[in-house]
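Colleague: I'm new to this one, so let me ask how you know what you say about it. Can you show me the structure before we talk?

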Amino acid sequence: MPKPLLCPPDLLALDLSGKTFVVTGGNSGIGAVTVGQLAKQGATVVLACRRPAEGERVRAELVAAGARGTIEVRALDLASLASVRAFAKDVLASHASLQGLVNNAGVMNTPAGKTADGFETQFGTNHLGHFLLTELLLGALEQGAPSRIVNLSSCYHDVAQGREGRIDFDDPSFERRAYDGWAAYAQSKLANLLHARQLAKRLAGKGITPVSVHPGWVRTNLVKSFMPVWAQNWVLRPFLRLSGMIEPWEGAQTTLYALLSPEVPAHAGAYFSQLGMYRDKAANGGGWPLRSPNPNAHDDDAAERLEALSRALVGV
Ligand SMILES: NC(=O)c1ccc[n+]([C@@H]2O[C@H](COP(=O)([O-])OP(=O)(O)OC[C@H]3O[C@@H](n4cnc5c(N)ncnc54)[C@H](OP(=O)(O)O)[C@@H]3O)[C@@H](O)[C@H]2O)c1
């Protein structure tokens with residue numbers, strides 16, 4: 001198995017005192033490692049999560065493991081636009097400027113379902129919730145510039161279990177077509193990538209660098225909507241590792257690189273990938289940055305249309 005790409009150690013030793021980051025889904029998996037590492041380097045980190053008691057438990061663990069910065073646990077349910085608005089208001093009340101927003105939270109291959117506002121669960125949670133959150137925090141990111149926005153996409157934006165990532169502009173919420181959990185995940189992860197690409201165009205010259213990342217195939221709770229996490233973590237773990245599954249600390253490397261490397265602002269809007277599974281096997285080794293093999297990931301008209309559609313749907 002090829003070795004995962006790792007962040008240069010000097011980036012993970014930078015002093016981040018005085019800098020503030022928001023990480024969604026900070027109570028689990030890749031998000032929890034990201035929060036812990038930024039706080040270990042002295043940053044103030046808003047750990048956004050839909051289960052604050054769980055967020056507090058993780059905060060205590062990260063503090064015990066050496067986080068010397070401040071970790072603030074705040075409630076955010078991305079499947080509710082009202083919750084996104086309340087969270088943003090709460091954050092802005094105490095942080096007028098931000099150096100980073102990590103749109104990390106996500107769900108994968110969920111059963112057919114709708115968010116509180118009637119959007120398909122994965123498009124609504126993974127993309128629309130983050131789209132609104134980003135819009136509401138843009139002023140603080142501009143105030144805190146140089147700053148970064150990191151969207152957690154996936155190599156599944158290319159092809160997810162045989163479904164090519166594409167945005168169905170006529171029916172993004174599967175109201176007039178049969179629901180398919182993998183097609184919905186691929187659509188939402190392509191949306192994360194196109195969102196960063198379009199933001200880079202819009203925000204040029206403002207000192208904010210938006211990018212998207214694929215973290216690798218990572219041993220986290222993401223599989224919980226379609227298989228028991230214990231089976232992955234215990235029964236199948238040795239086999240999955242041999243097949244390329246990596247640990248959460250390895251899965252956080254691409255996010256941390258995207259947030260901290262001085263090389264990233266030269267690649268605003270780009271896609272950064274850990275080891276992955278792509279239609280073009282030459283891309284499987286990843287790259288910081290990597291040219292996506294999916295032609296839909298390079299479609300600037302689609303990126304613009306997605307912005308317009310998202311604005312209309314979330315009401316900004
Ligand atoms: N793991 C992989 O192999 C892999 C591969 C490619 C991309 N990714 C991406 O990486 C990101 C992080 O996932 P992970 O692997 O670390 O999985 P994870 O351990 O399941 O973490 C996902 C996080 O998102 C949160 N979340 C889900 N729905 C939410 C909602 N409605 N509101 C707020 N938070 C919500 C979860 O909260 P709860 O704990 O309350 O459920 C959890 O904190 C996701 O965007 C995923 O698509 C992961």
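Modeller: Here you go, and keep in mind that this is a predicted model. Let's start with two helices: the crossing of helix 3 and helix 4 is right-handed.

Colleague: What makes that crossing right-handed?

Modeller: A crossing is right-handed if the near helix is turned clockwise from the far one by less than a right angle. Helix 3 and helix 4 cross in that right-handed way. The angle between helix 3 (residues 81-94) and helix 4 (residues 121-143) is about 20 degrees, and their axes are 9 Å apart.

Colleague: And why is helix 3 called roughly parallel to helix 4?

Modeller: Angles under 35 degrees count as roughly parallel. The two helices pack at about 20 degrees, so helix 3 is roughly parallel to helix 4.

Colleague: Which residues make the contact between them?

Modeller: Helix 3 brings Leu-81, Val-84, Arg-85, Ala-88 and Leu-92. From helix 4 come Gly-129, Leu-132, Leu-133, Leu-136, Leu-137 and Ala-140. By type, the residues of this contact are nine nonpolar, one polar and one charged.

Colleague: What makes one of them polar?

Modeller: Gly counts as polar here, and Gly-129 of helix 4 is in the contact.

Colleague: On to the sheet. What makes strand 3 and strand 9 edge strands?

Modeller: The sheet is open, with seven strands in the order 3-2-1-4-5-8-9 and parallel pairing. Strand 3 (70-75) and strand 9 (271-273) each pair on one side only, and that puts them at the edges.

Colleague: How do you know that strand 2 and strand 3 really pair?

Modeller: Pairing takes at least two bridges. Strand 2 (residues 44-49) and strand 3 have six bridges, in the parallel sense, so by that cut-off they pair. Looking at Cys-49, its bridge partner in strand 3 is Ala-75.

Colleague: What packs on the sheet, and which strands are touched?

Modeller: Helix 5 (residues 181-202) does, touching strand 5 (147-152), strand 8 (208-214) and strand 9. The direction of helix 5 makes about 160 degrees with that of strand 8. Helix 9 (residues 253-260) also packs there, touching strand 4 (100-103), strand 5, strand 8 and strand 9.

Colleague: And the ligand: which residues come nearest?

Modeller: Of the 29 residues around the ligand, those are Gly-25, Gly-29, Ala-105, Gly-106 and Thr-220. Helix 1 (residues 29-40) gives the largest share of the shell, three residues. The shell divides into 13 nonpolar, 13 polar and three charged residues.

Key: Residues numbered from 1 in each chain as written. Predicted model: local features only at pLDDT ≥ 70, side-chain atom pairs only at ≥ 80, totals over all residues. Near = placed C-beta within 6 Å. Helix = DSSP H or I, 4+ residues; strand = E, 2+ residues; numbered from the N terminus. Axes fitted to C-alpha atoms, helices over the stretch in contact; angles between N-to-C directions. Parallel < 35°, antiparallel > 145°, perpendicular 65-115°, else oblique. Contact = placed C-beta atoms within 7 Å.
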